[in-house]
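User: Hey, I'm new to this one. Could you walk me through it?
Analyst: Sure, take a look and we'll go from there.
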Amino acid sequence: MYRGYSKNMAQCNGSWRAAVVLASVCALVGCASKVPQAIRQAPVGQPVVKEVRLEPQRFVGTRVRWGGELVELANLQGATELEILARPLAGDGEPDLDGPADARFIARWAEFLDPADYEAGQRITVAGVVRGTREGLVGQYRYLYPVVEADALHRWPEPVPIGSYAYPPYFGWPYYDPWWPHYPHFWRPYW
């Protein structure tokens with residue numbers, strides 16, 4: 001009887017281990033990021049956009065990861081150019097639209113990007129190599145744009161606004177709330 005019991009326990013332990021391994025693999029796959037590796041990790045010692053505007057020849061060929069808010073998208077013959085208002089990036093490369101604007105830059109992407117999918121104001125991060133600068137206009141102002149030949153691009157989803165807690169209508173305290181003694185603190189019973 002004891003041997004049968006240990007044999008059943010061994011089978012049970014094997015099934016349990018398989019279930020734990022399967023759950024771990026599913027958790028890792030579910031947590032896998034769709035953000036490209038070049039976007040998730042910033043190059044060491046990369047310059048900011050303002051530095052490249054001031055000394056463009058010094059930074060030609062330098063690898064950068066920049067991002068911010070899309071201003072305009074232009075499809076050209078054989079490439080797409082994105083004008084981006086640079087913003088500070090979080091550790092994973094996500095732009096902070098509440099942060100101060102650094103400067104504007106142009107990211108050249110070798111493929112067609114549909115303007116219907118890329119609206120002004122979207123948060124975008126690119127990684128690539130600085131190719132120099134180009135003069136353009138912002139309104140009537142002559143502006144020197146750093147140009148990045150992008151090999152990685154990520155469009156961030158719109159942030160979900162944090163709504164306020166929806167309190168139920170007030171019909172007279174304490175008669176409305178079924179958990180009246182705990183009303184000011186929690187909407188569930190203490191017990």
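User: Before anything else, what counts as a strand or a helix here?
Analyst: Helices (H or I, at least four residues) and strands (E, at least two) are DSSP runs, numbered from the N terminus. Two strands pair if DSSP finds at least two bridges between them.
User: Good. Anything to know about the model itself?
Analyst: It's a predicted model, where local features need pLDDT of at least 70 and side-chain atom pairs count only at pLDDT 80 or more, while totals for chains, interfaces and linings use all residues. Residues are numbered from 1 along each chain as its sequence is written, and side-chain values use heavy atoms, leaving out hydrogens and water.
User: So how many helices and strands are there?
Analyst: The protein has 4 helices and 5 strands. Starting at the N terminus, the order is α-α-α-α-β-β-β-β-β.
User: What do the strands make?
Analyst: The 5 strands close into a barrel in the order 1-2-3-5-4, with mixed pairing. Neighbouring strands of this sheet are turned by 40° against each other on average, direction ignored; the axes behind that angle are lines fitted to C-alpha atoms (for helices over the stretch in contact), and angles run from 0 to 180 degrees between N-to-C directions.
User: What holds paired strands together, generally?
Analyst: Strands of a sheet pair through backbone hydrogen bonds, either parallel or antiparallel.
User: Take me round the barrel, then. Which strands run parallel or antiparallel?
Analyst: Strand 1 (residues 63-76) runs antiparallel to strand 2 (residues 79-86), joined by 8 bridges; there, E72 has E83 as its bridge partner. Strand 2 is antiparallel to strand 3 too, with 6 bridges, and E83 is partnered with I106. Strand 3 and strand 5 (residues 141-155) run parallel, over 3 bridges, with I106 bridged to V147.
User: And the rest of the circle?
Analyst: Strand 4 and strand 5 are antiparallel with 14 bridges between them, one of which partners T133 with P146. Strand 1 and strand 4 (residues 123-138) are antiparallel over 7 bridges, and W66 is bridged to V126.
User: What's going on at the turn between strand 4 and strand 5?
Analyst: That hairpin has 2 residues between the strands, and G139 takes a positive phi near 70°.
User: Switching topic: how many aromatic pairs are there?
Analyst: There are 2 aromatic pairs. Rings of Phe, Tyr and Trp (its six-membered ring) pair if their centres lie within 6.5 Å; planes under 30 degrees apart count as stacked, over 60 as edge-to-face and the rest as tilted.
User: Why is W66 with F105 called edge-to-face?
Analyst: Because their ring centres are 5.1 Å apart and their planes sit at 65°. The pair links distant parts of the chain, with W66 in strand 1 and F105 in strand 3 (residues 104-109), 39 residues apart.
User: Are W66 and F105 buried or exposed?
Analyst: Both are buried, meaning under 20% relative accessible area (exposed is over 50%, partly exposed in between; 1.4 Å probe, protein chains only). Strand 3 is mostly covered, with 5 of its 6 residues buried.
User: How about L54, buried or exposed?
Analyst: L54 is in helix 3 (residues 49-54), and it counts as exposed because its relative accessibility is 72%. L54 and L144 are 90 residues apart in sequence and 9.1 Å apart in space, C-alpha to C-alpha.
User: And the protein overall, what share is buried?
Analyst: Of its 191 residues, 30% count as buried.
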